[in-house]
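Thanks for making time this morning, everyone. I'd like to walk you through one model, so please bring it up on your screens and follow along.

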Amino acid sequence: MVEAPARPAEGPTKHATMRNVAFSRWDPVRDLIALHEQIGQLVGTDAPGWTPPVDLYETANDFILTADLPGLTREQIDISADENKIVIRGERVGGPGDMPCEQFHRVERGHGRFSRAFALPEAIDVARVSADLKEGILTIKIPKAQARGARRVVVTPREKK
């Protein structure tokens, strides 16, 4: 007669350690939307209807931000600056819902509200930020703050009497 191997008296069995696990189907679009909402909450943006493309680069004295905003007027754009952050908001009025047609074959241009916020790597001189809109291109010149930090203080010699 063959005996079955003895089970150890101590410790749980293999089946006792299994746990019930709930599985859900991965939805990358849902995850992308959730990430977009989390980033929006982090930088304080409004829920955008579209996202204009921008370039942000740095020179020795300034940050330069350019944004493609064709069809917008100066009155439709709001820019705010604070310490090391710049925010652009606006709205392109009109859109597919305002056009008389039977069917759209393609809608690629964004309409509605937008908001973009950018954290800059160093402090800016908020009082000297300037912006210009020419041929649908918004250019914002963002001067860097004057050097702050340590400086060497020279102790002047006392005059002899």
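**Rings, sheets and a core**

Searching the whole structure turns up one aromatic pair. The partners are Trp-50 and Phe-114, edge-to-face, with 5.0 Å centre to centre and 65° between the planes. For the cut-offs: rings of Phe, Tyr and Trp (its six-membered ring) pair if their centres lie within 6.5 Å, and planes under 30 degrees apart are stacked, over 60 edge-to-face, the rest tilted. This pair links distant parts of the chain, 64 residues apart: Trp-50 is in the loop between helix 1 (28-43) and strand 1 (54-58), while Phe-114 belongs to strand 5 (residues 112-119). Helices (H or I, at least four residues) and strands (E, at least two) are DSSP runs numbered from the N terminus.

A word on the source: this is a predicted model, where local features need pLDDT of at least 70 and side-chain atom pairs count only at pLDDT 80 or more, while totals for chains, interfaces and linings use all residues. Residues are numbered from 1 along each chain as its sequence is written, and side-chain values use heavy atoms, with hydrogens and water left out.

Back to our rings. Are Trp-50 and Phe-114 buried or exposed? Both are buried, meaning under 20% relative accessible area, with exposed over 50% and partly exposed in between (1.4 Å probe, protein chains only). Trp-50 also has the charged end of Arg-92 over its ring, 4.2 Å from the centre. A charge sits over a ring when NZ of Lys or CZ of Arg is within 6 Å of the ring centre and within 35 degrees of the ring normal. Elsewhere, Lys-144 lies over the face of Phe-63, at 5.3 Å from the ring centre.

Now the sheets. One is an open sheet of four strands, order 1-2-7-6, paired antiparallel; two strands pair if DSSP finds at least two bridges between them. Strand 1 and strand 6 (130-134) are at the edges with a single partner strand each, so one side of each has no neighbour in the sheet. Neighbouring strands here are turned by 15° against each other on average, direction ignored, using axes fitted as lines to C-alpha atoms (for helices over the stretch in contact) and angles from 0 to 180 degrees between N-to-C directions.

Within that sheet, strand 1 and strand 2 form a hairpin with three residues between them, and five bridges join this antiparallel pair. Strand 2 (residues 62-68) also pairs with strand 7 (residues 137-143), antiparallel over seven bridges.

Let's pause at Thr-66 in strand 2, the bridge partner of Asp-55. Thr-66 is buried, at 17% relative accessible area. Beyond residues up to four places away in sequence, Thr-66 touches Pro-53, Val-54, Asp-55, Ile-137, Leu-138 and Thr-139, where contact means heavy atoms within 4.5 Å.

The other sheet I'd show you is also open, with three antiparallel strands in the order 3-4-5. Its twist averages 10° from one strand to the next. Six bridges join strand 3 to strand 4, and one of the partnerships there is Ala-81 with Ile-86.

Finally, which residues touch the most other members of the largest nonpolar core? Of its 17 residues, they are Leu-65, Leu-69, Ile-77, Ile-88, Leu-138, Ile-140 and Ile-142. Such a core is a set of buried Ala, Val, Leu, Ile, Met, Phe, Trp, Tyr and Cys residues joined through side-chain atoms within 4.5 Å. Strand 2, strand 4 (85-92), strand 5 and strand 7 each give two or more residues to this core.
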